[in-house]
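Got your viewer ready? Let's walk through this one stop at a time, with a selection to make at each.

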Amino acid sequence: MSKSKNKLKILSVVSEVVPFIATGGMGQVAGALATALAENSPELDVRVVAPLYAQFREKYEPSIRFVGEAVVKLAWRELYCGVYELEQNNVTYYFVDNRHYFGREAAYGYYDDGERFAFFSKAVFTVMQLSGFTPDVIHAHDWQTALVPIYIKTRFAQEFGGIRTVFTIHNMEYQGKYASEILTDVFDLWPTEMGLVEYDSCINLLKGAIVCADKLTTVSPTYARELQSGGGYGLDAIIAENAYKLSGIINGIDTKSYDPRTDQLLEKNYSEDTIEDKVFNKAKLQELFGLPVSPRKMLICVVSRLVSHKGIDLITYMLSELMKLDIQFLLLGTGDHDFELFFEEMALRYTDKIGVSIAYNPEIANKIYAGADVMLMPSRSEPCGLAQMIACRYGTIPIVRKTGGLADTISDCRMGNGNGFIFDDYSSGALLDTVTYALDLYANREGDWKNLMIEAMRRDFGWDLSAKAYADVYKALCENK
């Protein structure tokens, strides 16, 4: 596909991307960023490469074009690599085909994930060769693509060494750690290159990307500071050594997809000017979860992975106390089995106050955003977070802990014209106190609470400013070539 030769060529390398597949925030961010760059930066030629997973293959295969195939060598293996192409929203997507690695029920969670994404990282260079598209900048995301900037400095230095690299850390907790013994056999790196990826007596792919990338970004300014002040999950020293190339750029959300005025999943659409119609969605949501329809009862929700760093433990500690208040509580998510069992048991105990769905269901999530009054996000750590911004979009007020991107996107209404509530201490008591304060304010639904909802809905969480910041990063890298 031919595009202007005068444009700066950007290739985003990612293990998941909306609208094709997303298991979490990274896929949503990668898709929305590419679309925003294409819309707002005509000087860029934006393309994306991702695996061709079974989850979307059947739906999109009739519309994708076969580019070519080649053999990818990964250590002693010679592996089939098919390349397909699709253009959507002025973004060109390339998909890497290998059914052995990507024709599985899930995107992640297999014993050979290291090998799967080593293959994908090597296949990126095959994509460039078969498509004829050699980017000025490669933008890689998280540990699954960490080998791409590493390979540019090693295996492909002669052919592709002029390409600049940006590496985005979406969540420092996941680093791609493996035993040192598989360096050559799985990752196709020589023993002399062990120093690039070795940390704490093992292979750490994220560490290698931090060292090898020309520019590091993460998904909020506060999270960037936290990574340099004890939040590096063991890589603090490496972050400190490379802090000169690290910056935080806050994520945005897709404001076209998340729009209560047009969202077709809602019982009734509404805006800040017709915010009273939100109550129709609340009633439908209460019915969906088998709760009594009560428009005046505060409806609190959680839409989250059920893991400890999301603050789920705080919710479990205070839920019995929360039940003493005049509220209802909804939860949607999957995660640690103990958390899943806890909430299911609580729903059986409080059938008229708690509704639980142990599932990953984006359609139900939208109904919750539109129908709930309050969203809890008491995270111990949160690089950026998207749910709090989506909740604001629908007039659902976030209660968040002051960390990472939550601190950058939510301002406390008790301090002025805020769009939510913030607490500092990581404790169930602090969370319960904040919920109680919100409940007191909720008593004035037609006054203070309505004003708070309108303020939240008017906040701009679109991608325009963030996309411009990334475009500036790409341009600066190429100006310094």
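Start with an opening on the outside: the second largest pocket, at about 370 Å³. Its lining takes in 16 residues, and those closest to the centre are Glu 276, Val 279, Pro 295, Arg 445 and Glu 446, so select these five to land in the right place. Two elements give two or more residues each to this lining: helix H11 (278-288) and H18. Colour by residue class and you'll get seven nonpolar, one polar and eight charged residues around the pocket. Keep in mind as you go that you're looking at a predicted model.

Stay with H18 and bring in its partner. Select helix H17 (residues 428-442) together with helix H18 (residues 448-458): their axes sit 7 Å apart and cross at about 110 degrees. Angles of 65 to 115 degrees count as roughly perpendicular, and H17 and H18 therefore fall into that class. Show side chains for Ala 438, Leu 441 and Tyr 442 on H17, plus Asp 448, Trp 449 and Leu 452 on H18; these make the contact. What classes of residue are in the contact of H17 with H18? Five are nonpolar, one is charged and none is polar.

Next, the sheet behind those helices. Pick out the six strands in the order E15-E14-E13-E16-E17-E18, an open sheet with parallel pairing. Its edges are strand E15 (354-357) and strand E18 (421-423), which each pair on one side only. From one strand to the next, the twist averages 20 degrees. For a look at one pairing, zoom in on strand E16 (residues 374-377) and strand E17 (residues 397-401), joined in the parallel sense by four bridges. Leu 376 has Ile 399 of E17 as its bridge partner. Now bring the helices back: H17 packs on this sheet, touching strand E13 (298-303), strand E14 (327-332), E16, E17 and E18, and its direction makes about 160 degrees with that of E18. H18 also packs on the sheet, where it touches E13, E16, E17 and E18, at about 75 degrees to the direction of E17.

Time to move to another sheet. Select E3-E4-E5-E2-E1-E6-E7-E11-E12, in that order: an open sheet of nine strands with mixed pairing. Strand E3 (65-74) and strand E12 (246-248) are at the edges with a single partner strand each, so each has one side without a neighbour in the sheet. Neighbouring strands here are turned by 25 degrees against each other on average, ignoring direction. Zoom in on E1 and E6, a parallel pair joined by four bridges; Val 13 stands opposite Ala 140 in E6. Then add helix H8 (residues 205-212), which packs on the sheet against strand E7 (164-169) and strand E11 (215-218), its direction at about 135 degrees to that of E7. Helix H19 (residues 464-479) lies across E1, strand E2 (44-51), E6, E7 and E11, at about 145 degrees to E7.

Last stop: the inside. How many cavities of 30 Å³ or more are there? The count comes to one, and the largest cavity has a volume of about 60 Å³. To find it, select Ile 10, Ser 12, Ala 30, Leu 33, Ala 34, Leu 37, Val 46, His 139, His 141 and Tyr 474, which line it. Strand E1 (8-13), helix H1 (25-40) and strand E6 (137-141) each supply at least two of the lining residues, with the largest share, four residues, coming from H1. Colour by class once more: seven nonpolar, three polar and no charged residues line this cavity.

How values were computed
Residues are numbered from 1 along each chain as its sequence is written. This is a predicted model: local features need pLDDT of at least 70, side-chain atom pairs count only at pLDDT 80 or more; totals for chains, interfaces and linings use all residues. Side-chain values use heavy atoms; hydrogens and water are left out. Axes are lines fitted to C-alpha atoms, for helices over the stretch in contact, and angles run from 0 to 180 degrees between N-to-C directions. Angles under 35 degrees count as roughly parallel, over 145 as roughly antiparallel, 65 to 115 as roughly perpendicular and the rest as oblique. Contact means heavy atoms within 4.5 Å. Ala, Val, Leu, Ile, Met, Phe, Trp, Tyr, Cys and Pro count as nonpolar, Asp, Glu, Lys and Arg as charged, and the others, Gly among them, as polar. On a 1 Å grid over the protein atoms alone, a cavity is a set of points where a 1.4 Å probe fits but cannot get out, and a pocket is an open set with protein on both sides within 12 Å along at least five of seven lines; lining residues have an atom within 4 Å of a point. Grid points are joined across faces, edges and corners, and a volume is the space filled by probe spheres set on the points. Two strands pair if DSSP finds at least two bridges between them.
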